[in-house]
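Please load the model in your viewer and keep the sequence panel open beside it. The tour below goes from one selection to the next and says what is found at each stop.

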Amino acid sequence: MNYYNEHTSIWLNGNIVKAADAKIDLYSQTMHYGYGVFEGIRSYKTVTGETRIFKPEEHYTRLQKSAEALNIPYAFSNQELIEATYRVLDLNGQQDAYIRPLVYAPANMSFVKNTETNLVIMTWEMAPFLGDKLLRVVSSSFQRPNPKGFYIHAKAAGHYVNSILASQEAKAKGYDEALLSDMDGYIAEGPGANVFFEKNGVLFTPSTGNILPGITRATVMEICADLQIQVVEKKCTREDIYDADAAFFCGTAAEVIGWDSLDDNGFRKQWNNSISRTVQLAYKNRVIEKSEALTSI
Ligand code: PMP
């Protein structure tokens with residue numbers, strides 16, 4: 001996969017540099033121990049033709065909170081980073097883009113705290129992370145990290161070893177994606193997305209505590225409030241989903257993507273007749289700042 005070419009610009013510690021010329025220290029604590037934090041953000045070409053980053057304040061605030069949770073020094077303002085992101089998008093001629101800020105550590109092979117920090121912002125064009133077809137999802141043999149062992153609300157690089165293992169296991173079994181439970185066996189989330197399911201006109205989603213509380217999850221809740229769709233946050237079981245009318249994953253990279261089945265159990269409603277589909281369409285409208293309802297995607 002090519003994320004950049006010789007013309008691609010990135011923002012690195014306050015400077016615009018070419019991605020091809022940028023170097024990282026191989027002795028970085030992040031490289032060896034996964035001790036870093038990052039964000040996944042998207043920008044869209046809106047209906048008026050402008051480039052608009054979706055919820056940039058929320059994403060950069062979460063980046064700061066993730067860094068603080070891990071004792072990583074962080075001296076950047078949201079405004080500075082948002083301006084930097086627009087600048088990189090502009091230099092790269094990108095409107096519909098995926099944006100990856102990463103806070104990484106200096107050379108440090110010990111476990112002690114750093115006084116220095118690094119922040120890089122990279123952008124590239126990326127189709128929906130899980131594709132645009134209904135997903136065959138399988139229950140994972142991996143659980144999400146124990147919140148007593150990790151700050152699970154932080155988007156820490158090292159957590160993603162768990163995501164990679166779960167996703168690769170699902171694909172090796174012939175499925176599209178994994179669904180992970182928490183340490184008590186309740187449904188938690190996907191490797192890189194939150195989960196919702198629909199039953200009798202109500203949407204359900206796992207409560208916070210064992211999940212990354214997604215910005216898209218919050219957007220889905222805002223959409224539901226606007227559309228007067230009830231959302232219930234609770235401890236959810238796999239059986240709840242087997243008995244659901246529809247289900248979907250949501251995340252910045254994946255957007256809103258419906259499921260075909262969980263563990264080969266299909267759903268009671270056709271995706272196109274579900275309220276989940278209405279939420280999917282509303283999300284697509286919202287990110288491009290389109291107010292009227294879309295009839296197809
Ligand atoms: N859970 C995990 C584990 C994730 O990696 C992501 C993607 N950041 C999400 C949920 C969804 O979060 P968001 O909607 O903020 O992208």
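Begin by selecting V287, which lies in helix 7 (residues 275–287); helices here are DSSP runs of H or I with at least four residues, strands are E runs of at least two, and both are numbered from the N terminus. This is a predicted model, in which local features need pLDDT of at least 70 and side-chain atom pairs count only at pLDDT 80 or more, whereas totals for chains, interfaces and linings use all residues. Residues are numbered from 1 along each chain as its sequence is written, and side-chain values use heavy atoms, with hydrogens and water left out.

With V287 still selected, note that its relative accessible area is 4%, so V287 is buried; buried means under 20% relative accessible area, exposed means over 50%, and partly exposed is in between, for a 1.4 Å probe and protein chains only. Leaving aside neighbours within four places in sequence, V287 is in contact with Y44 and F54, where contact means heavy atoms within 4.5 Å. Add F54 to the selection and draw the C-alpha to C-alpha distance, which is 6.3 Å although V287 and F54 are 233 residues apart in sequence.

**Helix 5 against helix 7**

Stay with helix 7 and now select helix 5 (residues 215–227), which packs against helix 7 at an angle of about 110 degrees, with the axes 10 Å apart. Axes are lines fitted to C-alpha atoms, for helices over the stretch in contact, and angles run from 0 to 180 degrees between N-to-C directions. Helix 5 and helix 7 are therefore roughly perpendicular to each other; angles of 65 to 115 degrees count as roughly perpendicular, those under 35 as roughly parallel, those over 145 as roughly antiparallel, and the rest as oblique. To display the contact, show T216, T219, V220, E222, I223, C224, D226 and L227 on helix 5 together with T278, V279, A282, Y283 and R286 on helix 7. Coloured by class, the residues of this contact divide into seven nonpolar, three polar and three charged; Ala, Val, Leu, Ile, Met, Phe, Trp, Tyr, Cys and Pro count as nonpolar, Asp, Glu, Lys and Arg as charged, and the others, Gly among them, as polar.

**Strand 15 and the loop after it**

Next select E255 in strand 15 (residues 255–262). At 11% relative accessibility, E255 counts as buried, and its phi is near 60 degrees, a positive value in a residue other than glycine. Most residues other than glycine have a negative phi. Then move to D263, which is found in the loop between strand 15 and helix 7; D263 also has a positive phi, of about 50 degrees, although it is not a glycine.

**Helix 2 against helix 3**

Select helix 2 (residues 56–69) and helix 3 (residues 78–92), whose axes come within 10 Å and cross at roughly 120 degrees. That angle makes helix 2 oblique to helix 3. On the helix 2 side the contact is made by P56, E57, Y60, T61 and Q64, and on the helix 3 side by N78, L81, I82 and T85. By class, this contact of helix 2 with helix 3 has four nonpolar, four polar and one charged residues.

**Towards the N terminus**

Which residues does S9 touch, not counting those up to four places away in sequence? Select S9 in strand 1 (residues 9–12), and show I16, V17, K18, V88, L91 and N92 around it. S9 counts as buried, at 5% relative accessibility.

From there go to V17, which lies in strand 2 and, at 27% relative accessibility, counts as partly exposed. Outside the four places on either side in sequence, V17 touches T8, S9, I10, L12 and A22. For a long view across the model, join the C-alpha atoms of V17 and Q280, which are 263 residues apart along the chain and separated by 37 Å.

The next selection is S28, in the loop between strand 2 (15–18) and helix 1 (29–33). S28 is buried, with a relative accessible area of 1%, and beyond its neighbours within four places in sequence S28 is in contact with Y104, A105, P106, A107 and M109.

**The whole chain**

Finally, clear the selection and view the protein as a whole, with its seven helices and 15 strands. Along its principal axes the C-alpha trace spans about 50 × 45 × 35 Å, and buried residues make up 50% of the 297 residues.
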